[in-house]
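Biologist: Pick one part of this model and take me through it closely, please. I'd like to know what it packs against and how.

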Amino acid sequence: MDVSLFMRGLVIGLSIAAVVGPMCILCIQRTVSRGHLYGLISGLGIATADAVYGSIAAFGLTVITGFLVSQQGWIRLIGGLFLVYLGLKAIFIKPAERAAIAKADGFLGAYVSTFLLTLTNPMTILSFAAIFAGIGVGGTSKSYLAAMMVVLGVFVGSALWWCVLTGGISLLREKFTPQWLQWINRISGIVIALFGVFALFSLIQPH
């Protein structure tokens with residue numbers, strides 16, 4: 001078992017997760033509004049989606065890749081609309097002075113929503129495919145065990161990033177007044193909504 005493949009996957013997962021995008025802003029906003037655990041579970045939904053796309057790229061599932069890329073217009077439309085909705089919701093939500101204790105179904109909703117939102121960017125598969133090709137892992141190279149090690153590393157690396165990010169935000173949260181928390185919600189909500197608008201706008205641009 002080549003542990004180095006796992007470590008490479010871990011670095012890839014960390015690198016992809018650390019990119020500041022709509023999902024990163026969303027996790028920060030959820031941690032501010034609902035607390036550390038809610039934000040962390042949202043992050044784990046993203047890490048799972050990263051692992052799914054990583055699996056598709058690593059195992060060379062070209063049929064699935066081709067279908068998702070060919071349907072990316074509809075997929076991005078849904079994702080863009082949902083980002084706009086979440087952004088507007090974040091703008092108007094009033095953060096509690098203390099993190100609320102979420103119910104099990106609330107945690108499930110947090111996980112599923114970020115999982116599905118992350119899947120609305122099929123181009124991620126192509127990014128993984130390019131990276132995996134660079135390190136010699138793919139559907140036509142090495143073994144399935146090697147691919148599994150890399151994908152596991154991607155999940156662990158992504159999950160590690162969300163643990164660190166939400167943990168740090170949770171510590172800072174305790175130092176903010178309710179007014180500061182409200183402004184963080186508003187600013188992050190605007191950013192999330194803008195990401196959604198850009199996604200929708202890109203659908204009408206000539207290619």
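Modeller: Here's a close look at one helix and its neighbours, after a quick overview.

This is a predicted model, so local features need pLDDT of at least 70 and side-chain atom pairs count only at pLDDT 80 or more, while totals for chains, interfaces and linings use all residues. Residues are numbered from 1 along each chain as its sequence is written, and side-chain values use heavy atoms, leaving out hydrogens and water.

The protein has nine helices and zero strands, where a helix is a DSSP run of H or I with at least four residues, a strand is a run of E with at least two, and both are numbered from the N terminus. Of its 207 residues, 45% are buried (under 20% relative accessible area with a 1.4 Å probe, protein chains only). Among contacts (heavy atoms within 4.5 Å) between residues at least 6 apart in sequence, 91% join residues at least 24 apart.

Now for helix 8, residues 144–173. One of its partners is helix 3 (residues 36–58): their axes sit 8 Å apart, at an angle of about 160°. Axes here are lines fitted to C-alpha atoms over the stretch in contact, with angles from 0 to 180 degrees between N-to-C directions. That makes the pair roughly antiparallel (over 145 degrees). Their crossing is right-handed, as the near helix is turned clockwise from the far one by less than a right angle. The contact has 13 nonpolar, 10 polar and one charged residues; Ala, Val, Leu, Ile, Met, Phe, Trp, Tyr, Cys and Pro count as nonpolar, Asp, Glu, Lys and Arg as charged, and the others, Gly among them, as polar.

Helix 2 (residues 22–34) is another partner, its axis coming within 9 Å of helix 8 and crossing at roughly 40°. The two are therefore oblique to each other (35 to 65 or 115 to 145 degrees), again with a right-handed crossing. On the helix 2 side you'll find Met-23, Cys-27 and Val-32, among others, meeting residues of helix 8 including Trp-162, Leu-165 and Arg-173. By class, that contact has eight nonpolar, four polar and one charged residues.

Helix 8 also feeds the largest nonpolar core, supplying at least two residues (such a core is a set of buried Ala, Val, Leu, Ile, Met, Phe, Trp, Tyr and Cys residues joined through side-chain atoms within 4.5 Å). That core has 23 residues, and Val-154 is among those with the most contacts inside it. Leaving aside residues up to four places away in sequence, Val-154 touches Phe-128 and Phe-132, as well as Gly-9, Leu-10, Ile-12, Gly-13, Asp-50 and Ala-51. A second, separate core of 18 residues includes Val-32, Ala-159, Trp-162 and Ile-169.

How values were computed: Buried < 20%, exposed > 50% of the residue type's maximum accessible area, 1.4 Å probe, protein only.
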